[in-house]
Amino acid sequence: MTHFDAIIIGFGKAGKTLAGDLAGRDWNVALIEKDKTMYGGTCINIACIPTKLLMHDALNGSEYRAAVERKNGVIERLRDKNYHSVADLNKATVYDGTAVFISDKEIEVETGNGKKEVLSADKIFVNTGAETSIPPLEGDIDSDKVYTSTTLIDEEILPDKLTIVGGGYIGLEFATMYNAFGSEVSVIVPADEILNDEDEDIRNEITKDMKESGINFIFGERAEKVKEESSSNITVTLSDGRELTSNAILFATGRKPNTKGLGLDNTSVQLTENGGIKVDNHLQTTADNIYAMGDVKDGFQFTYTSLDDYRIVKSHLFDDGEYSYDSRTNVHYTMFTDPPYSRAGLTLQEAKEEGYEADENSMPMSGHPRSHINNELRGLFKAVVDTESGKILGVHLYGVNSEELINLAKLAMDHDIPYTVLRDQMYNHPVMSEAFNTLFDI
């Protein structure tokens, strides 16, 4: 048995960053990754980076196969860089294999050809991410024409017709992307509208723009059966009996924590009702020496929240533990549609329900000078503030560069900077950020 100061299971953002930190502190670290194509984690290999690259190329008129080839090259370079960021450290050992807990402090690693090795450690960190969740359906669910967000982006032939099951953020991004590449896209949405948790005016604008771009929405229906009709066609039967035939089906129906096969039954680690690993405010599990970071626990599934999980663990291990899960506020996010939509904080209704003296302002992007320069008049910005304290309660940005602007808004929210500061700030011109002069004039 080989003993380490720390074992990290999973090469994601939190895991590889923690590995580098611990090795730099002279800890002996083992980092276990079962899939050599996942060095660097979900974001680099199958999510943020490849999908945003494909979106970029689609919106800039690139041919689909060329975009996929460029995506593959970028991922390979980033994956190699991430591998060597850990493997080249003197105090770190990378194991290519599958990890299974034997006890709270022991891991069995199978590295191929039946070879197994038992490792032990004082601290163990689980960073195994999440996996695609596909609902149980009748029919040919195992057809090679059925895809997930992971598998579709590797397909080199653009489907003439694409059916997307699920109208959440992933589904809408893929609808935008493949529509821009030239596919005829239909999106099946069980609810009566998309983005039910978002501001009504914003979601109406997004829906209108996506429809005008040629995307077809089928609201209020569920996919119930999948049938492969021929070598090129596959059909989805809807809950109302209608049939929808296309060349490919994408299931964009969410992701679930990846705990399967870890052997957690052999530990004192407990799971939540949602199947994630239960953690406390410092990301410790119900086993004191085991921590969980990233998507494998409940909560937001973003690479930047995973990186922030590393900061929480670092604070608990080496500082005073003051920075904890409860320290994380105003978690922001962007949906990379065309244009993108970004949000931090509350809607006006949510703010009023929480007891604030709230008011809001909205600003159509058609009225912003930079929008005319960009030749992009679509979009709507909204801001929600507390008129008594001046606190910024929510920022909702549907428009060009929103993915950058939301970080400025979050910074102000996190540091309790009054909305009047953003209103009165002198911005250079002509830029998108000067929209805040008008947006926060409440």
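**Overall dimensions**

I began with the radius of gyration of this predicted model. For 442 residues, a compact globule would come out near 22 Å, and the chain has 23 Å, so the value agrees with that expectation. I then took the box along the principal axes, which the C-alpha atoms fill at roughly 65 × 60 × 40 Å.

I looked up the secondary structure next and found 13 helices and 23 strands in the chain. For contacts between residues at least 6 apart in sequence, I noted that 63% join residues at least 24 apart.

**Surface and charge**

I have the accessible surface of the chain at about 20000 Å², with 44% of it belonging to carbon and sulfur atoms. Of the 442 residues, 48% count as buried. I also looked up the charges: there are 42 positive and 74 negative ones, and their mean positions lie 4 Å apart.

**Nonpolar core**

Which residues have the most contacts inside the largest nonpolar core? I list Ile164, Phe174, Met177, Tyr178, Val187, Ile206 and Phe217, in a core of 34 residues. I then checked which elements each supply at least two residues of this core: the helices are H3 (48-59), H4 (64-87), H6 (169-181) and H7 (200-212), and the strands are S10 (161-165), S11 (184-189) and S16 (248-251). H6 gives the largest share, six residues.

I picked valine 187 from that list for a closer look. Setting aside neighbours within four places in sequence, I find valine 187 in contact with Ile164, Gly166, Gly167 and Ala175, and also with Ile215, Asn216, Phe217 and Ile218.

**Cis peptide bonds**

I noted a cis peptide bond between aspartate 338 and proline 339, with omega about -5°. Proline 339 sits in the loop between strand S19 (333-335) and strand S20 (341-345).

I noted another cis bond between histidine 429 and proline 430, where omega is about 0°. I place proline 430 in the loop between helix H12 (419-424) and helix H13 (435-439).

**Positive phi outside glycine**

I looked at aspartate 26, a residue other than glycine with a positive phi, near 75°. The loop that holds aspartate 26 runs between helix H1 (13-24) and strand S2 (29-33). Its relative accessible area is 52%, and the cut-off for exposed is over 50%, so aspartate 26 is exposed.

Leucine 195 also has a positive phi, of about 55°, although it is not a glycine. I find leucine 195 in the loop between S11 and H7. Is leucine 195 buried or exposed? I have its relative accessibility at 8%; buried means under 20%, so leucine 195 counts as buried.

**Asparagine 258**

I located asparagine 258 in the loop between strand S17 (255-257) and strand S18 (290-292). With a relative accessible area of 14%, asparagine 258 is buried. What does asparagine 258 touch, not counting residues up to four places away in sequence? My list for asparagine 258 reads Lys34, Thr128, Gly129, Ala130, Glu131 and Val296.

**Alanine 344 and histidine 332**

I went to strand S20 for alanine 344. Alanine 344 is buried, with a relative accessible area of 0%. I looked up its C-alpha separation from asparagine 330, which is 14 residues away along the chain, and got 5.6 Å. Leaving aside neighbours within four places in sequence, I find alanine 344 in contact with Asn330, Val331 and His332, with Leu393, Gly394 and Val395, and with Ile406 and Met413.

I followed the contact to histidine 332, which lies in the loop between helix H8 (303-318) and S19. Its relative accessibility is 12%, so histidine 332 counts as buried. With neighbours within four places in sequence left out, I list Phe302, Tyr304, Arg343, Ala344, Ile406, Asn407 and Lys410 as the contacts of histidine 332. Ile406 appears in the contacts of alanine 344 and in those of histidine 332.

I closed with the C-alpha atoms of histidine 332 and isoleucine 442: these residues are 110 apart in sequence and 22 Å apart in space.

Definitions and conventions
Residues numbered from 1 in each chain as written. Predicted model: local features only at pLDDT ≥ 70, side-chain atom pairs only at ≥ 80, totals over all residues. Heavy atoms only, no water. Helix = DSSP H or I, 4+ residues; strand = E, 2+ residues; numbered from the N terminus. Rg over C-alpha atoms; globule rule 2.2 N^0.38 Å. Buried < 20%, exposed > 50% of the residue type's maximum accessible area, 1.4 Å probe, protein only. Contact = heavy atoms within 4.5 Å. Areas by Shrake-Rupley, 256 points an atom, 1.4 Å probe, with all protein chains shown as cover. Lys, Arg positive; Asp, Glu negative; His and termini not counted. Charge placed at Lys NZ, Arg CZ, Asp CG, Glu CD. Core = buried A, V, L, I, M, F, W, Y, C linked by side-chain atoms within 4.5 Å.
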